[in-house]
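Here's a walk through one protein model, strand by strand and then into its empty spaces. Have the viewer open as you read.

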Amino acid sequence: MSQNEILAPLSVLDDTGHPHNFGWSKKPGLYYDPVLAASPRYRITESDRYIVHSPTHLVIFEVKDDGWLGYMSVSIISLRDKKRSTHVFQSLFPLGDFDMPTGSETGSIIWRRKKTHLDIVCMDDGVRIIKVEIPKFGHNRSLRGALVLSEPSASQSLITNQPWRSEKNAFRYTRCSPWYSAEGVIQFGSAEIIFTKGNGWGIFDWTRCARPKADIRYWAAACGMIDGKLLGFCVGYSWADFSMGTENGFFVDGKLHKLDQVTFHIPMSNWLSSWRFTSNDNRLEMSFYPHQERSEQNRLFNYSSSRRQVCGFFSGKAQLDDGSVIEFHNLTGFTERCKMRY
């Protein structure tokens, strides 16, 4: 499939507020402003998500304004046993009140509710600092800590801008950067989750979009160090039109190797048995070995969303742009299916 690589800074919305300039890019140079969108504000979704992991835990931080419903959530998932805890703070009709940054390179998120806070600060050198404090997090245990996420030199991301064939106002503008190094400590009750250089990794998942009336999206990502190389990937598909650029890429030391279409072979009768992933260009073959899963559902009036996440470990091989093949084993990450309707 021919894909359109965007090489210059462009706007995702035209002068009338309708989406255009569809394709993919290695650098986050596309311009977005929700005020310009032709879609009503309740159809605009803005979300920032960080998935970080150490040898013992996977931690997910997410702030999302879904128009009708918004939330801040933190999940702590143990990679040694089947224990996990999630705390969600919901807000009705945020409609832009979260003041999410319009770009993925600058701006900060400051979320406050009484004694609870989540701060995500973007520094000039690409470093991101996450600070969290939740006095009562799962069985009244406290959660607090700080993480520093650093990017590799000359790093590239996978940026996509996708339309829907049947809905002219709908689009999804995304960035995925599965290559951060994470350092810091999360204090969870009496336990400490420690992230050190070489043993702490992070994935940045960023979305700004005007939602279609319904969608089902599959997505997976992972990162970590294998044989002295920093590897990562993001793959996925939905009901959007991917003819000008897919969400699929493999990363080595921060460099993107673009993939075409990837298929998830999911054992629908048991999501906790092994999965397979293949690409139509035969450049990616991998297996996913689930560890545990979590699910969530949200509903308000005629709006509903659900998400089913499975974390675990990926093994397989990928063909790079130069034709060489790299193999990887037990790369930590997760997969998910998201369903939305309004």
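What follows starts with one strand and moves on to the cavities.

This is a predicted model, where local features need pLDDT of at least 70, side-chain atom pairs count only at pLDDT 80 or more, and totals for chains, interfaces and linings use all residues. Numbering runs from 1 along each chain as its sequence is written, and side-chain values use heavy atoms, with hydrogens and water left out.

Start at strand β13, residues 201-210; strands here are DSSP E runs of at least two residues, numbered from the N terminus. Ten of its ten residues are buried, so β13 is largely enclosed by the rest of the structure. (Buried means under 20% relative accessible area with a 1.4 Å probe, protein chains only.) Trp201, Ile203, Asp205, Thr207 and Cys209 point one way, while Gly202, Phe204, Trp206, Arg208 and Ala210 point the other.

Which strands pair with β13? Pairing takes at least two DSSP bridges. Strand β2 (residues 44-53) runs antiparallel to β13 over ten bridges, with histidine 53 partnered to tryptophan 201. Strand β11 (residues 171-188) is also antiparallel to β13, through nine bridges, and there tyrosine 180 partners glycine 202.

Now for the empty space. The largest cavity (a set of points on a 1 Å grid over the protein atoms alone where a 1.4 Å probe fits but cannot get out) has a volume of about 390 Å³, that being the space filled by probe spheres set on the points, joined across faces, edges and corners. Of the 26 residues lining the largest cavity, with an atom within 4 Å of a point, the closest to its centre are Thr45, Lys64, Arg172, Arg217 and Cys338. β2 and β13 are among the elements giving two or more residues to that lining.

Note on methods
Buried < 20%, exposed > 50% of the residue type's maximum accessible area, 1.4 Å probe, protein only. Helix = DSSP H or I, 4+ residues; strand = E, 2+ residues; numbered from the N terminus. 1 Å grid on protein atoms, 1.4 Å probe; cavity = no way out; pocket = protein on both sides within 12 Å on 5 of 7 lines; lining within 4 Å.
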